[in-house]
Amino acid sequence: MKGDVRPSRMTSLTLGCRYSVRVSPQMANRIVDSARSILNKFIPDIYIYTDHMKGVNSGKSPGFGLSLVAETTNGTFLSAELASNPPGQGTAVLPEDLGRNCARLLLEEIYRGGCVDSTNQSLALLLMTLGQQDVSKVLLGPLSPYTIEFLRHLKSFFQIMFKIETRPCGEELKGGDKVLMTCVGIGFSNLSKTLK
């Protein structure tokens with residue numbers, strides 16, 4: 001994570017995996033078709049694989065979901081995932097709605113940009129915190145509420161503060177506003193590691 005990494009928001013490939021357990025295999029086609037109806041407007045090479053489990057191996061709870069991953073032209077992976085609600089909990093979700101909503105979430109992640117998607121922002125910041133006692137930088141999209149709370153935890157546990165610089169979208173940075181996060185790592189090392 002050293003250096004100032006600048007992501008591209010152009011995607012070169014979109015992959016996905018649709019999964020279902022204890023429901024009709026026809027759900028797979030309905031989810032895939034609805035996700036493709038949104039994503040095919042932007043990029044033609046979309047590969048969504050299906051995984052259907054039935055019988056004893058599928059467990060006791062019926063449901064379905066979709067995971068989508070987009071790779072940008074510079075190698076950044078951005079993801080989105082949605083799953084149906086368990087029976088009796090919340091409102092039932094149609095497969096078409098789930099596919100469309102998951103595709104929209106992926107497009108939102110692409111728009112937000114950054115080197116890491118919003119669900120993994122906190123992991124990147126934790127690795128920067130535990131890293132070498134040197135300056136680390138990462139360019140993120142707008143910070144998620146979870147990441148903001150995670151920064152508070154990092155401050156209370158490790159007494160580390162990040163320098164936060166906002167970068168407005170412009171000619172070079174497309175999509176939403178970006179945030180450049182900078183910190184000096186604590187140099188954490190494994191205490192049980194033997195020295196030679």
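Arg 22 counts as partly exposed, at 43% relative accessibility. Here buried means under 20% relative accessible area, exposed over 50%, and partly exposed in between (1.4 Å probe, protein chains only). Arg 22 sits in the loop between β1 (11-21) and α1. Its phi is near 55 degrees, a positive value in a residue other than glycine.

The model is predicted: local features need pLDDT of at least 70, side-chain atom pairs count only at pLDDT 80 or more, and totals for chains, interfaces and linings use all residues. Residues are numbered from 1 along each chain as its sequence is written, and side-chain values use heavy atoms, with hydrogens and water left out.

**Positive phi outside glycine**

Most residues other than glycine have a negative phi. Gln 159 also departs from that pattern, with a positive phi although it is not a glycine. The table sets out both residues.

| Residue | Phi | Loop | Relative accessible area |
|---|---|---|---|
| Arg 22 | near 55 degrees | between β1 (11-21) and α1 | 43%, partly exposed |
| Gln 159 | about 55 degrees | between α4 (145-158) and β6 | 61%, exposed |

**Overall layout**

The protein holds 4 helices and 7 strands. Helices (H or I, at least four residues) and strands (E, at least two) are DSSP runs, numbered from the N terminus. Along the sequence the pattern reads β-α-β-β-β-α-α-β-α-β-β. The C-alpha trace spans about 55 × 45 × 35 Å along its principal axes. Of the 196 residues, 37% count as buried. The exposed area is about 11600 Å², with 57% of it supplied by carbon and sulfur atoms. Accessible areas come from the Shrake-Rupley method with a 1.4 Å probe; for residues, only the protein chains shown count as cover. Among contacts (heavy atoms within 4.5 Å) with a separation of 6 or more, 74% join residues 24 or more positions apart.

**Helix pair α1 and α2**

The axes of α1 (residues 26-39) and α2 (residues 95-112) come within 7 Å and cross at roughly 35 degrees. Axes are lines fitted to C-alpha atoms, for helices over the stretch in contact, and angles run from 0 to 180 degrees between N-to-C directions. On the α1 side the contact includes Met 27, Ile 31 and Ile 38; on the α2 side it includes Leu 98, Ala 103 and Leu 107. The contact residues divide into 10 nonpolar, 3 polar and 4 charged. Ala, Val, Leu, Ile, Met, Phe, Trp, Tyr, Cys and Pro count as nonpolar, Asp, Glu, Lys and Arg as charged, and the others, Gly among them, as polar.

**Hairpin β3-β4**

Strand β3 (residues 63-72) is mostly covered, with 8 of its 10 residues buried. It runs antiparallel to β4 (residues 77-83), joined by 7 bridges. Two strands pair if DSSP finds at least two bridges between them. Leu 68 stands opposite Ala 80 in β4. The hairpin has 4 residues between its strands, and Gly 75 in the turn has a positive phi of about 95 degrees.

**Three-stranded sheet**

An open sheet of 3 strands has the order β5-β7-β6, with antiparallel pairing. Its edge strands are β5 (135-140) and β6 (163-167). Neighbouring strands are turned by 20 degrees against each other on average, direction ignored. β5 and β7 (residues 178-184) pair over 6 bridges. Val 135 stands opposite Val 184 in β7. Helix α3 (residues 121-130) lies across β5 and β7, running at about 170 degrees to β5.

Lys 163 lies in β6. Leaving aside residues up to four places away in sequence, Lys 163 touches Leu 180, Met 181 and Thr 182. The C-alpha atoms of Lys 163 and Met 181 are separated by 5.8 Å, with the two residues 18 apart along the chain.
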